[in-house]
Amino acid sequence: MVDYSVWDHIEVSDDEDETHPNIDTASLFRWRHQARVERMEQFQKEKEELDKGCRECKRKLAECQKKMKELEVADPESGKGELEKLQAEAQQLKNEEKSWENKLEELRKKEKNMPWNVDTLSKDGFSKSVFNVKPEEKEETEEQKEKKHKTFVERYEKQIKHFGMLRRWDDSQKYLSDNPLLVCEETANYLVIWCIDLEVEEKHALMEQVAHQAIVMQFILEMAKSLKVDPRACFRQFFTKIK
């Protein structure tokens with residue numbers, strides 16, 4: 001059985017929703033994207049503030065504990081009152097430290113459950129590819145698309161089917177790394193058609209497996225489209241994040 005739960009955390013791109021014909025779609029997408037970016041920036045700011053507060057608390061606690069040790073060694077009797085004061089301060093700082101760490105842990109859980117989108121998938125921390133901006137291409141006619149698809153399938157059908165049967169993320173990434181030409185619309189289209197054929201043949205389990213790989217390829221293509229790059233330049237990034 002293929003596990004689809006990982007897809008629950010993916011946020012569709014801004015251009016996938018249908019809008020009313022009277023709405024300025026381009027502006028709406030920009031506003032949505034800007035709002036999402038602002039939410040991410042606010043989240044990052046909150047995280048940095050918590051990190052800073054936690055570090056400062058740890059610094060004060062270490063300083064307080066150092067003073068306590070120095071006082072115990074120097075003159076424990078005459079400095080008893082000061083020592084008790086420092087002990088109380090240290091206990092308070094320990095409580096504050098625990099509070100900071102709990103807040104950070106809650107934020108990490110929140111971050112882990114945040115839906116992925118093009119902005120989070122394309123963060124520098126996850127990138128292992130050098131992106132080349134994809135040049136503008138002329139719109140192909142239906143006849144050209146059909147001919148291109150037929151030629152591609154005749155040449156790479158065996159490789160496409162092999163990819164469709166892969167179950168592990170690492171295997172899929174390695175196979176696409178070895179066969180980067182498969183990262184294209186033709187592969188996605190073939191996998192979808194294959195799914196339909198398998199469903200008609202009532203091979204439901206096999207259909208689910210191939211459908212999973214079709215979704216993988218489709219999401220890579222959507223991410224490349226949003227970033228305006230060649231899909232072969234960003235598929236590694238997709239696997240790095242989703243695994």
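The largest nonpolar core here has 35 residues, and the ones with the most contacts inside it are Phe-163, Leu-176, Ile-220, Phe-238 and Phe-239. A nonpolar core, in this text, is a set of buried Ala, Val, Leu, Ile, Met, Phe, Trp, Tyr and Cys residues joined through side-chain atoms within 4.5 Å. Buried means under 20% relative accessible area, exposed means over 50%, and partly exposed is in between (1.4 Å probe, protein chains only). Helices α4, α5, α6, α7 and α8 each supply at least two residues of this core, and the largest share, eleven residues, comes from α7. Apart from this core lies another one, of eight residues, with Leu-61, Leu-83, Ala-90 and Leu-93 among them.

A word on what you are looking at: this is a predicted model, in which local features need pLDDT of at least 70 and side-chain atom pairs count only at pLDDT 80 or more, while totals for chains, interfaces and linings use all residues. Residues are numbered from 1 along each chain as its sequence is written, and side-chain values use heavy atoms, with hydrogens and water left out.

Now step back to the whole chain. Its secondary structure comes to eight helices and zero strands, where helices (H or I, at least four residues) and strands (E, at least two) are DSSP runs, numbered from the N terminus. Of the 243 residues, 34% count as buried. Take contacts, meaning heavy atoms within 4.5 Å, between residues at least 6 apart in sequence: 73% of them join residues at least 24 apart.

Back to α7, then. At 1.5 Å a residue, its 24 residues should span 34 Å, and the end C-alpha atoms are indeed 34 Å apart; the expected span is 1.5 Å times one less than the number of residues. Just after α7, Lys-228 takes a positive phi of about 60 degrees. Within the core, Ile-220 is a good place to stop: not counting residues up to four places away in sequence, Ile-220 touches Leu-176, Val-183, Pro-231, Cys-234, Phe-235, Phe-238 and Phe-239. One of those partners, Cys-234, counts as buried, at 0% relative accessibility.

Another partner, Val-183, sits in the loop between α5 (169-178) and α6. Despite being in a loop, Val-183 counts as buried, at 3% relative accessibility. Leaving aside neighbours within four places in sequence, Val-183 is in contact with Leu-176, Met-217, Ile-220, Leu-221, Pro-231, Arg-232 and Phe-235. The C-alpha atoms of Val-183 and Leu-221 are separated by 7.8 Å, with their positions 38 residues apart along the chain. The loop between α5 and α6 also holds Asn-179, which is partly exposed, with a relative accessible area of 23%.

Next, the aromatics. A search of the whole structure finds six aromatic pairs. Rings of Phe, Tyr and Trp (its six-membered ring) pair if their centres lie within 6.5 Å; planes under 30 degrees apart count as stacked, over 60 as edge-to-face and the rest as tilted. Phe-219 and Phe-238 have ring centres 5.6 Å apart and planes at 40 degrees, so their pair is tilted. Phe-219 lies in α7 (residues 204-227) and Phe-238 in α8 (residues 235-242), so this pair ties together parts that are 19 residues apart in sequence. Phe-219 and Phe-238 are both buried. Ring pairs also link Trp-169, Phe-219, Phe-238 and Phe-239 into a cluster.

That leaves α6 (residues 185-200), which has 16 residues and reaches 23 Å from first C-alpha to last, close to the 22 Å expected. Its buried residues are Glu-186, Thr-187, Ala-188, Tyr-190, Leu-191, Trp-194, Cys-195 and Leu-198, and what covers them includes α4 (142-164) and α7. After α6 comes Glu-202, whose phi is positive, near 60 degrees.

Two of those buried α6 residues deserve a second look. Lys-161 lies over the face of Trp-194, at 5.4 Å from the ring centre; a charge sits over a ring if NZ of Lys or CZ of Arg is within 6 Å of the ring centre and within 35 degrees of the ring normal. Elsewhere, Lys-103 lies over the face of Trp-100, at 5.4 Å from the ring centre. As for Cys-195, it counts as buried at 9% relative accessibility. A search of the whole structure finds zero disulfides, a disulfide being a pair of cysteine sulfur atoms within 2.5 Å.
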